[in-house]
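Hi,

Here is the structure I promised to pass on. Have a look at it first, and then read my notes underneath.

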Amino acid sequence: MPRPTVAQLTYGSCTVIFSTLAMLLLSQTSSGPGVAVIAIAALGLGLLVAMTVPVPRPSSASAPPVRQQAQPEPVPVPAASVREPTAS
């Protein structure tokens, strides 16, 4: 399961907070069961909003081509610097 993005967490959290406040103010409830129903509804709404936020997906067409590491070329040794062993 992929991790939620920052945008999903932000939108979901803001939805829960603001919808809870709005429903509590509009319903003017003060009973425990009424507050619990509003809290559960706000959590469900926040989850719905968080799951519908579009997730950016990397596309292969817009990605720059992968460059391979260049291998260092071997340095040629001049033939004059190589000494042949001499028989003594």
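Thr-15 sits in helix H1. This is a predicted model, by the way, so please read everything below as a description of a prediction.

Is Thr-15 buried or exposed? Thr-15 has a relative accessible area of 18%, and since anything under 20% counts as buried, Thr-15 is buried. If you skip the residues within four places in sequence, Thr-15 is in contact with Thr-20, Leu-45, Gly-46 and Val-49.

Now go along to Ser-19, which also has its place in helix H1, a helix made of residues 6–27. Ser-19 is buried too, because its relative accessible area is 12% and the cut-off for buried is under 20%. What does the side chain of Ser-19 reach? The answer is the backbone oxygen of Thr-15, at 2.5 Å. Not counting residues up to four places away in sequence, Ser-19 touches Ala-42 and Leu-45.

Leu-45 has now turned up twice, so let's go there next. You'll find Leu-45 in helix H2. With its sequence neighbours within four places left aside, Leu-45 is in contact with Thr-15 and Ser-19, the two residues of H1 we just looked at. Try checking one distance on your screen: the C-alpha atoms of Leu-45 and Val-16 are separated by 6.9 Å, although these residues are 29 apart along the chain. Leu-45 has a relative accessible area of 37%, and it counts as partly exposed because that value lies between 20% and 50%.

Tyr-11 gives you another pair to look at. Tyr-11 lies in helix H1 and touches Val-49 and Val-53, again not counting residues up to four places away in sequence. From C-alpha to C-alpha, Tyr-11 and Val-53 are 8.0 Å apart in space, with their positions 42 residues apart in sequence. Val-49 may look familiar, as it is also among the contacts of Thr-15.

Between H1 and H2 there is a loop, and Gln-28 is found in it. What stands out about the phi of Gln-28? It is near 55°, a positive value in a residue other than glycine. Gln-28 counts as exposed, because its relative accessibility is 68% and exposed means over 50%.

Next, the pocket. The largest pocket has a volume of about 270 Å³. H1 and helix H2 (32–52) are the elements that give two or more residues to its lining. Which of them gives the most? That is H2, with 5 residues. The lining of the largest pocket has 14 residues in total, and those nearest its centre are Pro-2, Pro-4, Gln-8, Ala-50 and Met-51. Sorted by class, the lining is made up of 10 nonpolar, 3 polar and 1 charged residues.

Finally, zoom out to the whole protein. It has 2 helices and 0 strands. Of its 88 residues, 12% count as buried, and Thr-15 and Ser-19 are both buried. The accessible surface comes to about 8100 Å², and 68% of that belongs to carbon and sulfur atoms.

If you want a place to start, turn on the side chains of Thr-15, Ser-19 and Leu-45, since Leu-45 is in contact with both of the others.

Cheers

Key:
Residues are numbered from 1 along each chain as its sequence is written. This is a predicted model: local features need pLDDT of at least 70, side-chain atom pairs count only at pLDDT 80 or more; totals for chains, interfaces and linings use all residues. Side-chain values use heavy atoms; hydrogens and water are left out. Helices (H or I, at least four residues) and strands (E, at least two) are DSSP runs, numbered from the N terminus. Buried means under 20% relative accessible area, exposed over 50%, partly exposed in between (1.4 Å probe, protein chains only). A polar contact is a pair of N or O atoms within 3.5 Å; within protein, one must be able to donate a hydrogen and the other to accept it, and residues adjacent in sequence count only if both atoms are side-chain atoms. Contact means heavy atoms within 4.5 Å. On a 1 Å grid over the protein atoms alone, a cavity is a set of points where a 1.4 Å probe fits but cannot get out, and a pocket is an open set with protein on both sides within 12 Å along at least five of seven lines; lining residues have an atom within 4 Å of a point. Grid points are joined across faces, edges and corners, and a volume is the space filled by probe spheres set on the points. Ala, Val, Leu, Ile, Met, Phe, Trp, Tyr, Cys and Pro count as nonpolar, Asp, Glu, Lys and Arg as charged, and the others, Gly among them, as polar. Accessible areas come from the Shrake-Rupley method with a 1.4 Å probe; for residues, only the protein chains shown count as cover.
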